[in-house]
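Please open the structure in a viewer and keep the sequence panel visible. The tour below proceeds by selection, one stop at a time.

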Amino acid sequence: MKLRVPAYIQSIKPYKPGKPIEELEREYGISDSIKLASNENPLGSSPAALAAMKDAMVRLNRYPDGRGYSLVEKIAARWGVSPECIVLGNGSDEIIGMLTRAILAPGDEAVMTEPSFLMYEIMVLSCGAAPVFVPLKSLFVDFDGIARQITDKTRIVFLNNPVNPTGTIVTKKGFEAFLESVPEHVVVVIDEAYIEFAKDPDCLQGIEYCTGKRPVAVLRTFSKAYGLAGIRIGYGVMPAPLANLLHRVRQPFNANSLAQAGALAALDDDAFLQRSVRFVHEELEFLYAGIERLGLNYFPTEANFFLIDVEQDADQVFEAMLRQGVIIRSMASYGYPRYIRVTAGLRKENETFLKAFATVMAKTGNVE
Ligand SMILES: Cc1ncc(COP(=O)(O)O)c(C=O)c1O
């Protein structure tokens with residue numbers, strides 16, 4: 001087929017999601033496999049959200065409220081900001097896309113950590129702009145390194161807190177000192193997809209910086225702690241002038257009506273949120289203990305996933321775990337060729353993971 005495609009689109013490597021369970025079972029002819037690869041909520045979804053979505057189904061012949069009035073009002077009240085500061089998205093992924101489309105022109109630059117969530121790079125490239133990578137320093141954000149990469153061409157800095165895939169955090173103090181050094185026109189995005197799991201009292205909560213004079217945008221999602229990944233809903237909090245730019249490039253009905261209804265109810269279901277967070281913390285402790293028994297190193301996390309140093313080729317461990325019916329993530333493509341990332345699952349799933357992992361590691365001679 002003859003297509004004329006910009007070189008910057010050709011340069012994009014498509015996002016590779018965690019392997020779906022169905023695909024694994026089809027390919028390997030196995031059953032009862034488990035997936036601890038996409039940082040989802042193992043407890044399911046808020047029952048209140050499910051009930052609200054069921055009720056909303058009778059109105060599926062109608063378009064959703066394009067601005068998402070009720071959900072926007074509730075989110076704004078939750079954070080004590082004006083509704084003009086909220087933009088809903090088809091997942092926070094979509095807000096990343098709206099931000100890049102609204103801000104970046106070909107030749108501009110966006111600075112991000114390496115590794116970081118792959119959608120930042122993909123969205124920046126799709127605008128013809130250039131991602132500029134700053135390696136993490138001992139798994140933490142290197143603010144001095146980021147500041148050094150900011151030039152006249154920089155339009156956006158992407159931060160992620162806690163960081164995917166390391167589970168480390170950005171502190172309030174570290175962020176404030178950094179923000180001082182950033183030129184005032186540069187949009188600072190803080191992606192807080194996993195913030196509900198963070199326990200460290202020094203962890204930055206970005207929303208308090210979103211209503212000032214600086215263009216700071218915080219991304220939140222219902223996909224993780226709220227257990228609504230499948231329905232696709234997230235939001236951005238940012239100064240109204242920046243939000244207005246996003247509305248110019250936003251599809252008119254981007255947040256679907258079921259998602260709006262589910263998210264609205266989920267925000268009131270604090271019991272489910274608290275139960276989910278507590279559960280993840282307990283299961284992480286269970287997993288840590290299992291890894292310690294194997295004599296391997298892991299990195300304690302502030303999110304719902306953590307890294308393990310498998311002391312050998314992580315891609316091979318990933319493959320061997322697939323054969324055991326367990327989907328995790330190899331971090332080789334994230335620049336950590338010896339690390340795997342594991343999401344905390346249900347107790348039974350975590351037990352299955354530990355058993356399979358012990359088998360795989362014993363076979364490769366790394367543990368007794
Ligand atoms: C850091 C980070 N940001 C954003 C997202 C996307 O979330 P959503 O489901 O809201 O699009 C993810 C999903 O894995 C993520 O890890």
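Does Arg232 count as buried or exposed? Select Arg232 in this predicted model and consider its surroundings. Arg232 counts as buried because it has 20 C-beta neighbours inside 10 Å, and a residue with 20 or more such neighbours is classed in that way. Its place is the loop between strand E7 (216–221) and strand E8 (234–237). The backbone deserves attention as well: Arg232 is not a glycine, and its phi is positive, near 65°. Most residues other than glycine have a negative phi, and most peptide bonds are trans.

Next, select Glu311, in the loop that runs between strand E10 (305–309) and helix H12 (314–323). Here too a residue other than glycine has a positive phi, near 55°. Glu311 has 16 C-beta neighbours inside 10 Å and therefore counts as partly exposed.

The following two stops concern peptide bonds. Select Glu114 and Pro115, which are joined by a cis peptide bond with omega at about 0°. Pro115 belongs to the loop between strand E3 (109–114) and helix H6 (118–126). Then move to Asn164 and Pro165, where the peptide bond is also cis and omega is about 25°. Pro165 is found in the loop between strand E5 (154–160) and helix H8 (172–181).

Finally, select the ligand. How many residues surround the ligand? There are 13, and the closest are Gly91, Ser92, Asp93, Thr221 and Ser223. Colouring this shell by class shows eight polar, three nonpolar and two charged residues.

Key:
Residues numbered from 1 in each chain as written. Predicted model: local features only at pLDDT ≥ 70, side-chain atom pairs only at ≥ 80, totals over all residues. Near = placed C-beta within 6 Å. Nonpolar A, V, L, I, M, F, W, Y, C, P; charged D, E, K, R; others polar. Helix = DSSP H or I, 4+ residues; strand = E, 2+ residues; numbered from the N terminus. Buried ≥ 20, exposed ≤ 12 C-beta atoms within 10 Å, placed from the backbone.
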